[in-house]
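Morning, everyone. Please have the sequence and the model open on your screens. I will keep this short.

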Amino acid sequence: MKNKDRLLRKTALLILSVLLITPVFAQWKLAPNLPPTMSGLTEVVFPAENAAYLCGYEYVYKSNDGGLSWQSILDKGPFANFNNLLFINADTGFVNLYGTIYRTLDGGINWNSISGNHSQALKESDGALYTSYVSNDTTYIIKSTNLGDQ
């Protein structure tokens with residue numbers, strides 16, 4: 001009787017394990033329509049339900065349909081390496097290119113550089129932007145409450 005109980009418990013545990021693990025693996029799908037020129041993808045963000053942005057080598061792309069199709073919205077040439085992509089909503093975003101932060105307020109139609117020291121990634125918290133930089137062996141943390149305007 002003990003062997004039968006043990007066998008039932010092992011069987012139940014095995015079935016439960018399969019049921020719990022299977023959905024985890026079934027949730028991921030390969031994105032079928034990444035831009036053909038997109039190499040070196042570094043970041044993807046989804047700031048709103050259907051708005052998505054990605055960056056990497058050479059380009060920043062935008063999708064208005066949750067990633068089904070993509071349009072190039074920022075191109076700085078063949079040696080550009082975009083990183084530290086941050087969007088605080090569907091229209092307002094930032095990306096770093098070799099220490100220069102570019103900002104858009106209209107979903108990527110127009111981009112302007114923000115002046116100042118920005119060697120690290122921007123972070124957003126409670127409507128304020130934070131970043132840091134090092135000068136003369138001292139680390140500085142800076143804050144903006146106006147989206148990076150001076």
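I will start with the overall fold, then go through the sheets, the loops and a few single residues.

First, a reminder: this is a predicted model.

So what does the secondary structure of the protein come to? One helix and 11 strands. Read along the sequence, the pattern is α-β-β-β-β-β-β-β-β-β-β-β. The helix stands at the start of that pattern, and the strands follow.

Some totals next. The protein has 150 residues, and 31% of them are buried. Its accessible surface is about 10100 Å². Carbon and sulfur atoms hold 56% of that surface. Now the contacts with a separation of 6 or more: 28% of them join residues 24 or more positions apart.

On to the sheets. A general point for those who do not look at these every day: strands of a sheet pair through backbone hydrogen bonds, either parallel or antiparallel.

One open sheet has four strands, in the order S5-S6-S7-S8, with antiparallel pairing. Which strands stand at its edges? Strand S5, residues 82–87, and strand S8, residues 112–114. Each has a single partner strand, so one side of each is left without a neighbour in the sheet. Neighbouring strands here are turned by 30° against each other on average, direction ignored. Look at S5 and its partner S6, residues 93–97: four bridges join them, and they run antiparallel. Within that pairing, Phe87 stands opposite Gly93 in S6.

Another open sheet has three strands, in the order S9-S10-S11, and the pairing is antiparallel again. Its edge strands are S9, residues 123–125, and S11, each pairing on one side only. The average turn between neighbouring strands of this sheet is 30°, direction ignored. S10 and S11 run antiparallel and are joined by seven bridges. Find Tyr133 and look across: Tyr140 in S11 stands opposite.

Stay on S10 for a moment, and pick out Leu129, which lies in that strand. Is Leu129 buried or exposed? Its relative accessibility is 4%, so it counts as buried. What is Leu129 in contact with, leaving aside its neighbours within four places in sequence? The list includes Leu86, Phe94, Ile142 and Leu147. Lys123, Glu124, Lys143, Ser144 and Gly148 are on it too. Take Gly148: that residue is 19 residues from Leu129 along the chain, and their C-alpha atoms are separated by 7.3 Å.

Back up the chain now, to S2 and S3. These two pair in the antiparallel sense over four bridges. Tyr53 has Lys62 in S3 as its bridge partner. Five of the six residues of S2 are buried, so this strand is largely enclosed by the rest of the structure.

Next, the backbone at two loops. Most residues other than glycine have a negative phi. Which residue takes a positive phi in the hairpin of S2 and S3? Glu58, near 80°, in a hairpin with one residue between the strands. Glu58 has a relative accessible area of 21%, which makes it partly exposed. The cut-off matters here: buried means under 20%.

The other one is Asp137. Its phi is near 65°, again positive in a residue other than glycine. Where is Asp137? In the loop between strand S10, residues 128–135, and strand S11, residues 138–144. Asp137 counts as exposed, at 81% relative accessibility.

Two stops left. Gly66 sits in the loop between S3 and strand S4, residues 71–75. Its relative accessible area is 34%, so Gly66 is partly exposed. Leaving aside neighbours within four places in sequence, Gly66 is in contact with Phe46 and Asn50. Tyr53 comes up again here: its C-alpha atom is 9.4 Å from that of Gly66, and the two are 13 residues apart along the chain.

Phe46 leads to the last stop, the surface. Leu34, Leu41, Val44 and Phe46 make a nonpolar surface patch of about 350 Å². Val44 belongs to strand S1, residues 39–45. At 40% relative accessibility, Val44 counts as partly exposed.

That is the tour. Questions, please.

Methods
Residues are numbered from 1 along each chain as its sequence is written. This is a predicted model: local features need pLDDT of at least 70, side-chain atom pairs count only at pLDDT 80 or more; totals for chains, interfaces and linings use all residues. Side-chain values use heavy atoms; hydrogens and water are left out. Buried means under 20% relative accessible area, exposed over 50%, partly exposed in between (1.4 Å probe, protein chains only). Contact means heavy atoms within 4.5 Å. Accessible areas come from the Shrake-Rupley method with a 1.4 Å probe; for residues, only the protein chains shown count as cover. Two strands pair if DSSP finds at least two bridges between them. Axes are lines fitted to C-alpha atoms, for helices over the stretch in contact, and angles run from 0 to 180 degrees between N-to-C directions. Patches are made of residues with over 30% relative accessible area and no salt bridge: like charges are joined within 9 Å, nonpolar side chains (Val, Leu, Ile, Met, Phe, Trp, Tyr) within 5 Å. A salt bridge is a side-chain nitrogen of Lys or Arg within 4 Å of a carboxyl oxygen of Asp or Glu.
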